[in-house]
Amino acid sequence: MYALIRTELYKIAKRPRSYIGFVAILLIVFIIEFALFIDGASYIEFIFQQLESFLSIEGKVLNGYLVCFIILQTLIIQMPLLVALVTGDVISGEAANGTLRLLLTRPVSRTEVVMAKYIAGSFYVLLLLLLLGALALGGSLLLFGEGDLIILKSETIIVLKSNDVLWRFYAAFGIAFLSLSVVSSFSLMLSCFTDNSIGPIILTMAVIVIFTIIGSFDLPLFDHIKPFLFTSYMIVWRNMFDQPVDWGIMQTSILILILHIILFLGVSIYYFNRKDIHS
């Protein structure tokens, strides 16, 4: 199994598209940090000027924690797409290239093949998040320093002391890993259903975009649909910055994300074990 995982990691590493995600994160984080470093003070002043009439704000509002939070909010849509770009054709791509039958001639079960590809995809997700954490959190703290985190929500203002923020980011990155693992397992499942290498990637991206759009509208009709969309639980990382944290919602959302991973992997293994491999 270890050799199989290592082989799958090698396959991911040798594909040029695997590095698009790293480059995209590097550019996005750099652009946001550079822009906020140049014009961030005036930008923050513009946002908070309406609050100063009834709220006294002291200290350094534009700090590394706020910049990191802004970056994470910005990347909430792009990260699943970057993951799908790599994990969406792990099986269908091999079928299209005619190497899947050769892979199955090795003394490994089809279940092991699916699990090895999922674990390799999860390792890729982990590397993306580690890079994001190093650049967004580490880089922002280095450039802007520490300070209390002030978050504006639709109906409230949340102020978190600087010594109460770091653990929340660690937890948020952990939940983000779980959320992206749902995307990885979903795209893997779609990849089992076809021999077309591009189809599962596009379909995964389309589903995520459609689900995200539905989740962004506060319409009564969509309110009945949202609980059934896995994307509704992928944004729960933001709840880590509530004061206090609603641990009931967090536990429920995390459990639903884990159940989605089990469901998608289960369907993948079931279907792949019964699939006729022609190439």
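A residue is called buried when its relative accessible area is under 20%, and exposed when that area is over 50%; between those limits it is partly exposed. With that in hand, let me walk you through this structure, which is a predicted model.

I'll begin with two helices on the inside. Helix H3 covers residues 64-74, and 8 of its 11 residues are buried, so the rest of the structure largely encloses it. The buried ones are Gly64, Tyr65, Leu66, Val67, Cys68, Phe69, Ile71 and Leu72. At the start of H3, a side-chain oxygen of Asn63 comes to within 3.0 Å of the backbone nitrogen of Tyr65.

Helix H4, residues 78-87, is a similar story. Here 8 of the 10 residues are buried, so H4 too is largely enclosed by the rest of the structure. Its buried residues are Met79, Pro80, Leu82, Val83, Ala84, Leu85, Val86 and Thr87.

Now the cysteines. Cys68, in the list for H3, has a relative accessible area of 0%, so it is buried. Cys192 is also at 0%, and therefore counts as buried. How many disulfides does a search of the whole structure find? The count is 0.

Next, the surface. A nonpolar patch there is formed by Tyr19, Val23, Leu27, Phe30, Ile31, Phe34, Phe37, Ile38 and Leu143, and together they have about 940 Å² of accessible area. Which helix gives the most to the nonpolar patch? That is helix H2, residues 20-48, with 7 residues. Val23 lies in H2, and its relative accessible area of 46% makes it partly exposed.

On to charged pairs. The whole structure has 5 salt bridges by the search used here. I'll take three of them.

First on my list are Lys11 and Glu8, whose side chains meet in a salt bridge at 3.2 Å, N to O. Both sit in helix H1, residues 2-14, and because they are 3 residues apart, about one helical turn separates them. As a general point, an α-helix has 3.6 residues a turn, so residues three or four places apart point the same way. The two partners differ in cover: Lys11 is partly exposed at 21%, while Glu8 is buried at 4%.

Then there is the salt bridge between the side chains of Asp148 and Lys161, at 3.9 Å, N to O. Asp148 is in the loop between helix H7 (110-144) and strand S1 (149-152), and Lys161 is in the loop between strand S2 (157-160) and H8, so this pair ties together parts that are 13 residues apart in sequence. Asp148 is partly exposed, with a relative accessible area of 27%, whereas Lys161 is exposed, at 53%.

The remaining one I want to show joins the side chains of Arg168 and Asp164, at 2.8 Å, N to O. Salt bridges with shared partners also link Glu8, Lys11 and Lys117 into one network.

Let me stay with Arg168. It lies in helix H8, residues 166-192. Is Arg168 buried or exposed? Its relative accessible area is 2%, so Arg168 is buried. Besides Asp164, the side chain of Arg168 makes a polar contact with the side chain of Gln243, at 3.3 Å. Leaving out residues up to four places away in sequence, Arg168 touches Leu160, Met240, Phe241, Asp242, Gln243 and Val245.

To recap: H3 is largely enclosed, H4 is largely enclosed, H2 gives the most to the nonpolar patch, and Arg168 is a buried residue with a salt bridge to Asp164. That's my part.

Conventions: Residues numbered from 1 in each chain as written. Predicted model: local features only at pLDDT ≥ 70, side-chain atom pairs only at ≥ 80, totals over all residues. Heavy atoms only, no water. Buried < 20%, exposed > 50% of the residue type's maximum accessible area, 1.4 Å probe, protein only. Helix = DSSP H or I, 4+ residues; strand = E, 2+ residues; numbered from the N terminus. Polar contact = N/O pair within 3.5 Å; in protein donor to acceptor, adjacent residues only side chain to side chain. Disulfide = S-S within 2.5 Å. Patch = residues over 30% accessible without salt bridge, like charges linked within 9 Å, V, L, I, M, F, W, Y side chains within 5 Å. Areas by Shrake-Rupley, 256 points an atom, 1.4 Å probe, with all protein chains shown as cover. Salt bridge = Lys/Arg side-chain N within 4 Å of Asp/Glu carboxyl O. Contact = heavy atoms within 4.5 Å.
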